[in-house]
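Subject: Structure handover

Hello,

Here is the structure I promised to pass on. My notes on it follow below.

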2 protein chains.
Amino acid sequence: MKPSIPQGTRDFSPEVVRRRQYILNTIRAIFELYGYQPLETPSMENLTTLMGKYGEEGDRLIFKIINNGLNDPKNQEKAKIGFEKVLEGKNSPDLTERALRYDLTIPFARYVVMHQNDLAFPFRRYQMQPVWRADRPQKGRYREFWQCDADVVGSDSLINESELLCIYQGAFHKMSVPGIEVKINSRKVLAGLAECCGASGLLTDITVAIDKLDKIGMDGVQKELLQRGITEDKLNFINNYLNITGDAESQLIQMSQLLASSEIAQTGIQELRTTLAYHNQLADKNWNSNVVIDFTLARGLNYYTGIIAEVTTNAVKMGSIGGGGRYDDLTGLFGLKGLSGVGISFGVDRIYDVMEELNLFPEQLSSSTKIIFVNIEPAAETAILGYVNELRKSGIAAEYYPDKAKFDKQMKYADKRNVPFVGIVGESEMKDNVIKLKNMISGEQETVNLMQLANVLADSI
Amino acid sequence: MKPSIPQGTRDFSPEVVRRRQYILNTIRAIFELYGYQPLETPSMENLTTLMGKYGEEGDRLIFKIINNGLNDPKNQEKAKIGFEKVLEGKNSPDLTERALRYDLTIPFARYVVMHQNDLAFPFRRYQMQPVWRADRPQKGRYREFWQCDADVVGSDSLINESELLCIYQGAFHKMSVPGIEVKINSRKVLAGLAECCGASGLLTDITVAIDKLDKIGMDGVQKELLQRGITEDKLNFINNYLNITGDAESQLIQMSQLLASSEIAQTGIQELRTTLAYHNQLADKNWNSNVVIDFTLARGLNYYTGIIAEVTTNAVKMGSIGGGGRYDDLTGLFGLKGLSGVGISFGVDRIYDVMEELNLFPEQLSSSTKIIFVNIEPAAETAILGYVNELRKSGIAAEYYPDKAKFDKQMKYADKRNVPFVGIVGESEMKDNVIKLKNMISGEQETVNLMQLANVLADSI
């Protein structure tokens with residue numbers, strides 16, 4: 001039987017790992033620059049920690065781990081009862097006590113509550129780990145994928161929002177991703193819209209419908225709003241809302257007038273204004289992107305309550321590559337009330353696809369090894385091992401093909417490994433204490449001594 | 001209900017993550033220096049890939065994932081049959097198709113077989129990922145823990161063995177772990193011992209018994225050998241074997257005489273000699289450790305067939321912190337025959353404990369943030385945000401306490417965060433465009449301008 005891997009999972013080959021590491025390391029460096037601290041939580045959580053936190057659909061998509069030792073006579077009876085429950089679509093710790101992490105947010109909230117007495121608040125943390133979902137696999141959707149989150153809890157200041165916007169801009173600038181737009185809105189403005197439509201109870205419905213504007217267009221949104229219970233006479237008002245344009249301050253003024261009767265909307269508008277003012281002071285003017293207000297931004301079903309943000313690039317056809325916002329009371333789920341937080345997430349897998357499509361990965365990621373010495377002249381072995389040793393001492397990755405093999409086979413190997421140089425030491429080179437150096441990109445050859453070799457390799461990226 | 005995490009799993013706080021990253025990054029850099037390439041495989045494997053590869057006990061300790069959608073009427077019947085099997089102690093893909101990775105070796109073998117036509121052999125790969133085992137948790141033993149492996153397949157050359165020994169030495173040197181000893185032996189010499197005892201069929205028994213020498217002493221080993229079927233008249237011979245001492249060459253000569261009648265032993269002795277000769281050419285004489293022959297080294301039940309190695313430190317009471325060896329035909333399990341390999345593993349969790357106990361982690365790992373500006377004078381906010389912005393532009397991690405709070409609370413926060421400096425800008429500092437800088441370690445204060453501040457922070461590690 002041919003071996004295979006589970007549907008929706010991936011092996012990452014060396015080249016892919018290097019490129020993923022490049023993305024993660026770039027984002028990590030920016031997180032650290034802004035004072036965010038690394039956190040790692042276990043892959044498994046107690047099932048009770050996860051259940052009920054992601055809606056009914058989410059519960060179904062959680063991967064559960066079957067308890068070990070069910071065949072032990074003292075576990076069998078309970079296991080049978082547990083299994084009956086599972087057949088009814090319920091869960092039972094008698095069959096599955098543990099489950100795989102579904103996102104990084106709930107484990108973070110659980111961690112904060114468990115360590116509330118030791119943590120220094122505001123607590124800024126970042127987390128880059130895989131999560132698992134039993135979703136139907138499709139292009140760009142995996143059952144094991146990476147989340148990359150930064151959150152701060154225990155601070156109400158909009159400086160946090162502004163800094164998180166800077167982190168987005170700084171990271172995508174560093175990775176040279178073109179066409180980046182960082183869009184922001186406020187859930188409070190959306191709440192104000194619902195209020196002004198006399199439909200505060202339909203806030204989620206309005207949010208969900210507006211969120212689809214990109215996909216289904218204005219007509220589609222109107223149809224969906226009607227289906228979801230908005231009365232026809234409000235459609236014009238919502239139209240006006242969705243059509244506000246201009247520069248940021250002009251947008252804020254227009255919106256302030258449109259939603260004049262809603263106090264929460266005015267709060268949201270003022271928060272957007274303050275966030276942008278802070279951002280103006282904190283942003284690096286050289287970054288290759290801007291932050292813009294987009295009142296049509298809704299961020300789907302997430303439980304945000306304040307400023308929300310989303311990142312897209314217009315250089316590639318692709319959904320959002322990042323998103324986040326402020327949430328009140330995340331830790332309330334685990335009994336710690338009144339702790340507000342704000343966070344963002346980078347869509348690592350999508351960023352990878354964008355960078356791949358636009359050929360943005362630095363060339364030198366293809367191999368860390370700078371040179372492979374071929375193995376053709378047994379008498380030269382001692383000399384070559386000495387060279388390899390010296391190069392490694394100066395921090396240059398070098399290899400010696402370990403087996404006797406045909407010259408062509410060894411050159412093919414070096415080519416496949418994408419190394420920039422091959423070193424050849426035959427009888428005559430050995431006598432003269434030199435190395436024949438072949439540049440694998442240009443095809444050029446030169447003869448160098450060890451000192452010259454080290455210089456050439458150190459200079460090549 | 002208070003939240004908790006599953007038994008045998010761990011949250012890694014920011015400080016711990018940084019220290020773990022320090023270990024992993026150090027080892028990664030050395031792997032890369034020797035031409036090893038990063039590989040990552042999925043956390044989940046098909047159950048069929050894992051079952052039967054780790055012995056009966058191993059099979060029991062594999063964490064299995066229950067299939068999703070068992071309550072779907074079309075899955076229920078099969079699920080019931082699968083559940084019955086599980087109650088009998090068997091496995092069934094109708095209940096659990098997937099399982100969590102138990103080590104990194106089997107997934108590596110599976111990967112090589114699946115990609116045999118694309119890979120350039122010899123294929124050197126390293127892999128640093130968590131693995132999961134349903135073992136009873138105890139001090140130093142976890143249900144989720146990290147393995148850190150380097151293997152090369154498709155090369156018979158003993159240069160590989162020598163380089164892997166160098167990797168051990170280089171890594172522990174870099175991490176300044178004292179008292180390191182890298183011990184080597186050959187399974188072929190052990191096989192020769194069994195042969196000379198007329199007990200070739202008892203090779204595993206002899207190996208297992210000898211492996212316990214450290215724990216149970218010579219008397220214990222003799223008792224165990226007798227229990228395992230070695231006849232009393234051979235004990236003296238085995239004693240002679242275990243008591244060979246001297247420098248490497250003298251050990252090899254004595255062993256060659258003792259096991260003169262065994263061809264495989266002579267091969268093993270010659271391989272040890274060649275490995276040490278290569279190692280002598282490849283090693284950096286400045287490393288803080290040596291490689292020594294230890295004929296009592298056996299490496300337990302692992303399926304090694306050639307040179308084996310183990311790393312210990314005598315600076316701390318602790319088992320081995322690394323081990324490995326050559327194995328024939330690992331990929332044969334998945335149908336690809338005749339590919340020999342050799343690999344080593346670093347015990348990351350134990351290395352962490354050793355470094356913690358000996359206080360070996362670099363000081364600067366405690367925080368990446370160099371300075372926190374306190375938030376006490378609203379009028380100074382613009383100036384401070386400007387400073388923070390400039391520092392970040394020069395790559396210096398800086399924070400501004402985002403909320404209004406009492407000065408003492410903010411100083412306590414900075415202290416708890418382990419930052420080296422706190423910046424204070426009150427009314428008078430603002431007027432003079434300067435910053436009062438408090439050194440949190442020495443307690444000293446000085447007044448500096450932005451340029452001076454950047455220099456002080458850049459100079460502090």
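Salt bridges first: the structure holds 54 of them over all chains. Bear in mind throughout that this is a predicted model. One salt bridge in chain A joins the side chains of E356(A) and R19(A), with N to O at 2.6 Å. That pair ties together distant parts of the chain. E356(A) sits in helix α13 (residues 348-357), R19(A) in helix α1 (residues 14-33), and 337 residues separate them. As background, side chains of opposite charge can pair when their charged atoms come close.

Next, the interface of chain A and chain B. How many residues of each chain are in contact with the other? The count is 106 residues of chain A and 106 residues of chain B. About 8900 Å² is buried between the two chains, and carbon and sulfur atoms give 56% of that area. Eight salt bridges cross this interface. One of them is R124(B) with E399(A), at 2.5 Å from N to O. Polar contacts across the interface link 52 residue pairs, both residues at pLDDT 80 or more. On the side of chain A that touches chain B, the residues divide into 51 nonpolar, 28 polar and 27 charged.

The two chains also pair through strands. Strand β3 (residues 64-66) of chain A and strand β3 (residues 64-66) of chain B are joined by three bridges, in the antiparallel sense. There, I65(A) stands opposite I65(B).

Now a sheet in chain A. It is open, has five strands, and follows the order β13-β12-β14-β15-β16, with mixed pairing. Why do β13 (398-400) and β16 (445-448) of chain A each have one side without a neighbour in the sheet? They stand at the edges, each with a single partner strand, so one side of each is left free of a neighbour. On average, neighbouring strands in this sheet are turned by 25 degrees against each other, direction ignored.

Two helices pack here:
- Helix α14 (residues 381-393) of chain A packs on the sheet and touches β12 (371-373), β13 and β15 of chain A; its direction makes about 160 degrees with that of β13(A).
- Helix α17 (residues 450-459) of chain A lies across β12, β14 (421-424), β15 and β16 of chain A, at about 130 degrees to β16(A).

Some pairing detail. β14(A) and β15(A) run antiparallel and are joined by four bridges. I424(A) has K436(A) in β15(A) as its bridge partner. Strand β15 (residues 435-439) of chain A is also joined to β16(A) by four bridges, again antiparallel. I435(A) is partnered by V448(A), and K438(A) by Q445(A). β15(A) and β16(A) form a hairpin with five residues between them. In its turn, G443(A) has a positive phi of about 85 degrees.

Last, a sheet in chain B. This open sheet has eight strands in the order β1-β5-β6-β11-β10-β9-β7-β8, and its pairing is mixed. Which strands are at the edges? They are β1 (37-38) and β8 (290-293) of chain B, each pairing on one side only. Strands β5 (residues 123-132) and β6 (residues 144-153) of chain B run antiparallel and share 10 bridges. Within that pairing, V131(B) has F145(B) as its bridge partner. Helix α6 (residues 159-174) of chain B packs on this sheet. Strands it touches include β5, β6, β7 (180-186) and β11 (341-346) of chain B. The direction of helix α6 makes about 10 degrees with that of β11(B).

Best wishes

Conventions: Residues numbered from 1 in each chain as written. Chains lettered and ligands numbered in written order. Predicted model: local features only at pLDDT ≥ 70, side-chain atom pairs only at ≥ 80, totals over all residues. Heavy atoms only, no water. Pairing = 2+ DSSP bridges. Axes fitted to C-alpha atoms, helices over the stretch in contact; angles between N-to-C directions. Contact = heavy atoms within 4.5 Å. Buried area = accessible area lost by both parts, 1.4 Å probe. Salt bridge = Lys/Arg side-chain N within 4 Å of Asp/Glu carboxyl O. Polar contact = N/O pair within 3.5 Å; in protein donor to acceptor, adjacent residues only side chain to side chain. Nonpolar A, V, L, I, M, F, W, Y, C, P; charged D, E, K, R; others polar.
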